[in-house]
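This report describes the fold, packing and charged pairs of the structure shown below.

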Amino acid sequence: MKTRIDEELDKLDLGTMSLSTLVEEALGIITSSLNNSYGKARIGEIAQEIEEKGKSLEGSCINLLLKFHPVARDLKRISSTLCTIRDLCRIGDNSLDFCEMLDYLSSPEICKEIGLLDMALNVKKMLSDAISCFMSKDTEKAKSVEAYDDVIDKCFSEARKKLYSVIRSGKDGYEEAADVVIGAKYLERMGDHAASIAHSVIEECGTVEDSKSEG
């Protein structure tokens, strides 16, 4: 039989999943916008929803801590969820920032040319896998997600190199290089936050196993 705190934690997980759906939609807008196939009007609305839902879920975490004074497994689960919520909210913020960067460009073609579309798709996959780990508590998959951050870092490094080539060549759009580099950095940060979600799972489950062995 589930205890009261178990029921509340399950509700918290559902709320976090709902938040992650919004964040994944925001990343979908980025990839679609880079393909010139979807407008960015929705991103501001999503960012607001993410902020409001994130604050509400953070409040739920704090209330659980104050109400139940959890220890061991439950405390670690709440802490992990709180970290995940905050990372999701930061990805939402970065998504909005990225789309605002696109508004300053005459065309997203330069972003595609230096590989930002592929980078965004990799971040989107990484986030989806991180959320899957969060729900399943699959530590082996979480370790793979955390390691995948190296792929995003490599994409960022390659994007900078390609952008330098564009600047040297004097191709159209080279004047917008500074904005594009900032956009690449937003994607790199999103990868960091997805890796952080996976790391929270690893820490949570490690503590769970330790507490079982102690019992």
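The account that follows moves from the overall fold to individual helices, the nonpolar core, the surface and the salt bridges.

**Overall fold**

The model is predicted. Its chain contains eight helices and zero strands, and the elements run α-α-α-α-α-α-α-α from the N terminus on. Taken along the principal axes, the C-alpha atoms fill a box of roughly 65 × 35 × 25 Å. Of the 215 residues, 46% count as buried. The accessible surface amounts to about 10700 Å², and carbon and sulfur atoms account for 50% of that area. Among contacts with a separation of 6 or more, 83% join residues that are 24 or more positions apart.

**Helices α1 and α2**

The end C-alpha atoms of α1 are 46 Å apart, in agreement with the 45 Å that its 31 residues should span at 1.5 Å a residue. After α1 comes Asn36, with a positive phi near 60°.

Helix α2 covers residues 41-68. Its 28 residues reach 42 Å from the first C-alpha to the last, close to the expected 40 Å. The buried residues of α2 are Ile43, Ile46, Ala47, Ile50, Gly54, Leu57, Cys61 and Leu64. Their cover includes α1 (4-34) and α3 (72-103). His69 follows α2 and has a positive phi, near 45°.

**Nonpolar core**

The largest nonpolar core has 63 residues, and Phe98, Cys111, Leu116 and Met190 have the most contacts inside it. At least two residues of this core come from each of α1, α2, α3, α4 (109-113), α5 (116-136), α6 (139-147), α7 (149-169) and α8 (177-214). The largest share, 13 residues, is supplied by α8. Leaving aside residues up to four places away in sequence, Met190 touches Leu27, Ile30, Ile91, Asn94, Ser95, Phe98 and Val123.

**Surface patch**

On the surface, Tyr164, Ile167 and Tyr174 form a nonpolar patch with about 270 Å² of accessible area together. Tyr174 is located in the loop between α7 and α8. Its relative accessibility is 35%, so Tyr174 counts as partly exposed.

**Salt bridges**

Side chains of opposite charge can pair when their charged atoms come close. The count for this model comes to 18 salt bridges. Three of them are listed here with their closest N to O distances.

| Pair | N to O distance |
|---|---|
| Arg77 and Asp10 | 3.2 Å |
| Arg77 and Asp13 | 2.7 Å |
| Glu25 and Arg42 | 2.9 Å |

What do the two pairs of Arg77 tie together? Arg77 lies in helix α3 and Asp10 in helix α1, so their salt bridge ties together parts that are 67 residues apart in sequence. Asp13 also lies in α1, so its pair with Arg77 ties together parts that are 64 residues apart in sequence.

Is Arg77 buried or exposed? With a relative accessible area of 16%, Arg77 is buried, because the cut-off is under 20%. Asp13 is buried as well, at 10%, whereas Asp10 counts as partly exposed at 26% relative accessibility.

The pair of Glu25 and Arg42 joins α1 to α2, and so ties together parts that are 17 residues apart in sequence. Both residues count as partly exposed, Glu25 at 29% relative accessibility and Arg42 at 22%. Salt bridges with shared partners join Glu25, Arg42, Glu45 and Glu49 into one network.

Technical notes: Residues are numbered from 1 along each chain as its sequence is written. This is a predicted model: local features need pLDDT of at least 70, side-chain atom pairs count only at pLDDT 80 or more; totals for chains, interfaces and linings use all residues. Side-chain values use heavy atoms; hydrogens and water are left out. Helices (H or I, at least four residues) and strands (E, at least two) are DSSP runs, numbered from the N terminus. The expected span of a helix is 1.5 Å times one less than its number of residues. Buried means under 20% relative accessible area, exposed over 50%, partly exposed in between (1.4 Å probe, protein chains only). Contact means heavy atoms within 4.5 Å. A nonpolar core is a set of buried Ala, Val, Leu, Ile, Met, Phe, Trp, Tyr and Cys residues joined through side-chain atoms within 4.5 Å. Patches are made of residues with over 30% relative accessible area and no salt bridge: like charges are joined within 9 Å, nonpolar side chains (Val, Leu, Ile, Met, Phe, Trp, Tyr) within 5 Å. Accessible areas come from the Shrake-Rupley method with a 1.4 Å probe; for residues, only the protein chains shown count as cover. A salt bridge is a side-chain nitrogen of Lys or Arg within 4 Å of a carboxyl oxygen of Asp or Glu.
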